[in-house]
Each structure stands twice: as structure tokens, then as C-alpha cells.
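Subject: Structure for your review

Dear colleague,

Please find below the structure that I am handing over to you. My notes on what was found in it follow directly after.

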Amino acid sequence: DGSGILVSASKDCTSKIWRISMSSCELLKTIEGHTGAVTHVTFDKYGSMFATTSEDCEACVWDTETGLLMHRLVGHTERLNKGSFHPTGRTFCTASDDTTARIWDLAGDVEKSGECVHTLEWGDGKVNDVEYTPDGRFVVMVTRKAGSVNPFFRLLLFSSVSGRICRWYDGHAATITGLSWNPSQIGSEVVTLATSSFDGTLKLWEIAAEPTGPGSYLLENDEFQGRLLHHWERPPSCKEMERMYEGALYCVAYNPTGDFLCAAGIDHHVRVFDSDTMECLQDCGGHLGPINSLAWSSDSSAVISTSSDQTVRIWNIVEL
């Protein structure tokens, strides 16, 4: 939000609050409260609070200014992978390996503050990601079930108010690793969601509650997919995953205007695509390890990437 506050998460069970400027990086607070590795950290829309999810099966919501615990969300039975604030900050959704996502009331609107109001589940796949739609009316839940018998890698759309399932989307052939909403469509009835996957493809989906039932993707780019990797060829951190391709993608991000997408992953390249045609417009190479996350500058002139090679790189994007 421009405040210069950054929160990091670690396998040492802690999070740290930092103040970042062009010339310095100052540690403000160390946050302790989990008994397992912290798997994800996310701010609410206003930056006044942030949440952590952990392998200890719990999520915690913290006050950004004081670092004090506001809510401890208890109920999942296996590790938590991700969390997402409602646009208003009044609810929070968690994704777990226990095959469920949960919506928690942070404001006490329905239940006691900090209580679970809905448990979202459909099938028996582990839930590795959740995101509210930009208007907050729905939750997208990302599930995966490995194995040789009826595997699936699926997007599920639930009502955030009733907790009922509305639609489901199949199309990826391996774990879905990243989600990004088209920011130019915020406020629209139908919004486009971009997804990345270990199957090496980038897909665009039209997310809408109606008609109910199965949905399908709009566009796909599989230009850099490559072949299916053998177990021994995968990075150490991904060997337990069921399928992975040479072009496996770890992350995807729309630029601020929604005209372009960037995606990156196992092959060390950051690529920029036209969001209307999915044509690759720019290919940036330089990292020496898989790329784990991406972010655009506010004016879309640069993309920032973080990698397992322990570096952060800033890439100039040519005028497109």
C-alpha cells in the first residue's frame, strides 16, 4: 500500500515485520505464535492487519501496527497452505490439506468473532489455494487429487454468503500453482482469472456464478510446456508432487491495467504475454533457479521476480 511495511514468513515458525526503503531494511518485530512452519502471509486490503497460515493447522490474524494477535483460527485437521481476506476484511478464508476450505467471521457479523461460518468441500482433493472474487461474493477454491485413478486438478466456485457450490472448472493436468484476477474487470459480473500450473500451461477462465455446473477455460498457452518430467528430474522441494512438466509454472500475475500477464517457474524464465491472445511478447532469462513469485511495478514498466537461486531481479519491460 506504499507504507513500506513488509511481512516475511519462515519455516522457523515465525513471521517478521520490516520497514523497507530505497536505502535500508529495518526489522521492526518478530511475530511468534505458530508451532509449525509458516506457509503463507497476506495483508488485508487496507494494510491494517495481516494473516499467517501454518503447518500447525492454524491461521492467525495480527495487527500490523502493534504485532499483537487478533484472532487464532482453529478447526482444520491438516496443514494450511494459503489464506485470503474478503475485500472488506470482515471474513477470512483458509485452504488446507484436510480437503476443506473454511470461511471465518472476523467481525462477529454472523458468529462470535474468530469462529468458522462455512466449511467448503466437494470431493476429496487437498485444497492448495483460495481467493475471493474481486467483489467478495464468491470464493474460488483450488483442489488437487493425485493418483492413477480419477485424478483431478480443479477450480471450485462457492458462494461466500451461503457456502454453496456454484460451478467447477476442469482443464489443468497437474497442480494449479497460481491465481491472478484481471484488474480491469473489477466490479463486473463476469471476471477473468488467470492460472498457472505444474502442467506448464497458462489458462484464462471466465468466472461467473451462472449458469451453474461445469465450466471450461477461454484461452490457453502451452508453448513452453515440454515433456513430463521423471521423478528424479524434479526440484527437491517438488518431488512429492504427482506430475510436473519441463515448463512447470509456479506463478502468474496480471499487470495493473489487465493488458498483459507474466508467468514463471521451473525453467528460470520470466515471460510476458498478451492477455487477449496469450501470445508471448517478451522472454527474460537470467535466474539460476526456479522462480517462485512475480510482481509488476505500478506503471507496468518492470516485473520483479524472486527465485530459489536466492536472488531478486527487476526486469525492464519493453513498450508493448
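Valine 312 is located in strand E27, which covers residues 312-316. Please note that the model is a predicted one. With a relative accessibility of 56%, above the 50% cut-off, valine 312 is classed as exposed. Together with Ile304 and Ile314, Val312 makes a nonpolar surface patch of about 280 Å².

Strand E9 offers a contrasting case. Of the six residues in this strand (residues 91-96), six are buried, so E9 is largely enclosed by the rest of the structure. The burial applies to both of its faces: Thr91, Cys93 and Ala95 are buried on one side, and Phe92, Thr94 and Ser96 are buried on the other.

E9 has pairing partners in strands E8 and E10. Strand E8 (residues 80-85) pairs with E9 in the antiparallel sense, over five bridges. Within this pair, glycine 83 lies opposite threonine 94 of E9. The hairpin of E8 and E9 has five residues between the strands, and glycine 89 adopts a positive phi near 80° there. Strand E10 (residues 101-105) is likewise antiparallel to E9, again over five bridges. Here cysteine 93 faces isoleucine 103 of E10 as its opposite residue. The hairpin formed by E9 and E10 has four residues between the strands, and threonine 99 in its turn shows a positive phi of about 75°.

Cysteine 93 also bears on a point that may interest you at the bench: which cysteines, if any, are joined in disulfides? With a cut-off of 2.5 Å between sulfur atoms, the count comes to zero disulfides. Cysteine 13 takes part in no disulfide, and the nearest cysteine sulfur, belonging to cysteine 60, is 12 Å away. For cysteine 93, the closest cysteine sulfur is that of cysteine 116, at 9.0 Å, which is too far for a bond. Cysteine 93 is also buried, with a relative accessibility of 1%.

Two open sheets should be mentioned as well. One has four strands in the order E4-E5-E6-E7, with antiparallel pairing. Its edges are strand E4 (38-43) and strand E7 (69-74); each has a single partner strand, so one side of each is left without a neighbour in the sheet. From one strand to the next, the twist averages 15°. Strand E6 (residues 58-63) and E7 run antiparallel and are joined by five bridges. Glutamate 58 has valine 74 in E7 as its bridge partner.

The other open sheet has three strands in the order E1-E2-E3, and its pairing is also antiparallel. Strand E1 (5-9) and strand E3 (25-32) are the edge strands, each pairing on one side only. The twist in this sheet averages 25° from one strand to the next. Strand E2 (residues 14-20) is paired with E3 in the antiparallel sense over seven bridges. In that pair, serine 15 stands opposite isoleucine 31 of E3.

For ease of reference, I would draw your attention again to the buried strand E9 and to the exposed valine 312.

With kind regards

Notes
Residues numbered from 1 in each chain as written. Predicted model: local features only at pLDDT ≥ 70, side-chain atom pairs only at ≥ 80, totals over all residues. Heavy atoms only, no water. Buried < 20%, exposed > 50% of the residue type's maximum accessible area, 1.4 Å probe, protein only. Pairing = 2+ DSSP bridges. Axes fitted to C-alpha atoms, helices over the stretch in contact; angles between N-to-C directions. Patch = residues over 30% accessible without salt bridge, like charges linked within 9 Å, V, L, I, M, F, W, Y side chains within 5 Å. Areas by Shrake-Rupley, 256 points an atom, 1.4 Å probe, with all protein chains shown as cover. Salt bridge = Lys/Arg side-chain N within 4 Å of Asp/Glu carboxyl O.
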